[in-house]
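The following exercises concern a single protein chain. Please work through each task with the structure open before reading its solution.

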Amino acid sequence: MITTGRLSTDHIAALEALHSPVTIQRRCADLAELIAAARTGRADAALIIGSTEQLTSSTITQLHEVLPAVVAVSDSPAERSRLTALGLSTFDDDAPAAQIAQALSSPAAPGSAPEGTGAPEAAAEFAALSDSAGPDGASAAGSSTVVWGSSGAPGRTTVAVNLAAELALSGRSVLLIDADTYAASAAIHLGLLEESAGIAQAVRAAEYGSLDSDVLLRSAVSVEIGPVRLEVLTGLPRADRWAELRPGALDRVLSLAICRYDEVVVDAAAEIAPDQDLGFDAPAVQRNSAARTVLSAADRVIAVGAPDSVGFARLVKAVQGYAELLPEAAVPEVVINKLRKQAVGRSPRRQLTETWRQLGPSTAPLQFLPWDPEACDAALRAGQVLAEAAAESPLRRQIAALAGIQVGRRRRPFSRTRGGTRSGGRGTPAERR
C-alpha cells in the first residue's frame, strides 16, 4: 500500500500494529507523488489522509485504473460526502484501523460507500433521477442528439442550434450544449455576448462532485424564442481552455442533462482521433476526448458534410474514421448541407447518393439540406435562429424535418431581444415540462 497525508490520528502506525496483510510500502509527500507511485504497479491500494481537496473525478479515475482500492480519511463531513460521490471509500479520523484495513484489502465497487459515510444531496438526486420512471413505467430520461461531421465549415453549428430551437418550439424542454473544443460558436449564433463558459462551469462542478440540477441550471443561459425557452450551456470562449472538458466529468454532465431535459442537443468538434500515444506520461485529458465522449453517449448522431468535392471527400473519410474509432457508438445519419447545383452539377441529389453508395460506409440513405445563404446570413447577423429570422425558409423547414417536426405557417414572426439570461431561479426543467 502507498499513502500520503496525516491527521490527528496516526493511522499508519495503527494499521502496522494490526499485523494484517495490509502493509505500508511507501509514504508519499503529496498527491502528485502518490499518483506517480501508483503508476509503477508496485502497490495494490492507496490511503489518502487529510488534504484531499485536490482529489477530483479525473485524479480518482487515474488511481482506480491502476489500483484496486483507494481509501480516503478526512475530518470534514462535507469532504467525505464529496469524495463518496466521486467513488471513494471514505472514513473519518476516528475510524478504527481494522475497518480501514478491510476497505484497503477488500475494496467496494467504484461509486459505493462504506456503511455510515453517506452520500451528498447531489449524488442522491443524481441516482434518483437516473432510476426514475414515468407513469407508464418507462424511463423518464430524455434523449441526446450530437451534431458532428467533417472538418471545414459544413454548417454543424447552424444545424445544431436550429435543431435545438425547433425541438423547443415543439413544446419539449431542450438543452443545447456547445462542446466544440476548437471553435465554439453556438453563443454567437444566438446573439449571446457574455464570455462565461457554461459548459466549463458544469464540468468543473462534476469534477469536484458538486453537480446537481440546480448547478446545471445556474450554468445554463436561457434564450427566449417566441413563447418558449431554449437553455444553453455555452462553449469555451478560448480554444486553449480545451483541457477543462475532462471526459469523466463531461459524461456526468451529459447524464444529468439527459435526466433533466426531454432533449439534449450537442454541437461537437469534427476531430475525434486520439492524440499520439505518449506512454507513461500520457495526459489525463486529450483535446478530442470531448467529442469522443459526447458521441459515445449519444442516442442519435447527425453527421454533417458539404456537397462540394473537397467537403464530400472529407465527409466520407470522417464517417469511415468514426466507425473505426467508435464502433459501439450510434450509427450516424449523414446529412449533406448547402446542397446546390453549382457545387455538384445537374441532379445533385442523385449524383451524391450514387457516389456515397460507392465510397461511403453502409449507413442510412443520405439526407439533404438546401443552400440558403440569405436566411443564414440574416439569422447570424441578428443573433437569431431561422425560426425567428427566416421562418419560411426552405432550410428552416428541412432542419425541422430532421427533428420529425412539420412546420406550419404562422401569421406573425417571433420577436426576441438580443442576448439571454441565466437560468437560475426559474425552476428546474422538469418543473417546466
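**Exercise 1. Determine which residue stands opposite Ile 49, and place the pair in its sheet.**

Solution. In this predicted model, the residue opposite Ile 49 is Val 73 of β4. Next, consider the strands concerned: β3, residues 45–49, and β4, residues 69–73, run parallel and are joined by 5 bridges. Then widen the view to the open sheet, whose 5 strands follow the order β2-β1-β3-β4-β5 with parallel pairing. At its edges are β2 (26–28) and β5 (89–91), each of which pairs on one side only. From one strand to the next, the twist averages 20°. Finally, locate the helix α5 (residues 97–105), which packs on this sheet and touches β3, β4 and β5. The direction of α5 makes about 150° with that of β4.

**Exercise 2. Establish how many residues of helix α12 are buried, and what covers them.**

Solution. Helix α12 spans residues 289–297, and 7 of its 9 residues are buried, so that the helix is mostly covered. The buried residues are Ser 289, Ala 290, Ala 291, Arg 292, Thr 293, Val 294 and Leu 295. Their cover includes the strands β6 (143–149), β7 (174–179), β10 (263–268) and β11 (300–305). It also includes the helices α11 (247–260) and α13 (309–325).

**Exercise 3. Describe how helix α7 packs with helix α18, and classify the residues of the contact.**

Solution. Two packed helices are described by the angle between their axes and the distance between the axes. For α7 (residues 156–169) and α18 (residues 394–402), the angle is about 70° and the axes lie 9 Å apart. Because angles of 65 to 115 degrees count as roughly perpendicular, α7 is roughly perpendicular to α18. On the α7 side, the contact is made by Thr 158, Val 159, Asn 162, Leu 163, Glu 166 and Leu 169. Helix α18 contributes Arg 396, Ile 399, Ala 400 and Leu 402. Sorted by type, the residues of this contact comprise 6 nonpolar, 2 polar and 2 charged.

**Exercise 4. Identify where the pLDDT is below 50 over residues of the chain, and state how such a stretch should be read.**

Solution. Begin with the whole chain: its mean pLDDT is 85, and 84% of its residues reach 70 or more. Over residues 109–122, however, the pLDDT is below 50, and this stretch has 19 contacts in the model beyond near neighbours in sequence. Residues 132–139 also stay under 50, with 7 contacts beyond four places in sequence. Where pLDDT is low, the predicted coordinates should not be read in detail.

Notes: Residues are numbered from 1 along each chain as its sequence is written. This is a predicted model: local features need pLDDT of at least 70, side-chain atom pairs count only at pLDDT 80 or more; totals for chains, interfaces and linings use all residues. Side-chain values use heavy atoms; hydrogens and water are left out. Two strands pair if DSSP finds at least two bridges between them. Helices (H or I, at least four residues) and strands (E, at least two) are DSSP runs, numbered from the N terminus. Axes are lines fitted to C-alpha atoms, for helices over the stretch in contact, and angles run from 0 to 180 degrees between N-to-C directions. Contact means heavy atoms within 4.5 Å. pLDDT is the predictor's confidence in each residue, from 0 to 100. Buried means under 20% relative accessible area, exposed over 50%, partly exposed in between (1.4 Å probe, protein chains only). Angles under 35 degrees count as roughly parallel, over 145 as roughly antiparallel, 65 to 115 as roughly perpendicular and the rest as oblique. Ala, Val, Leu, Ile, Met, Phe, Trp, Tyr, Cys and Pro count as nonpolar, Asp, Glu, Lys and Arg as charged, and the others, Gly among them, as polar.
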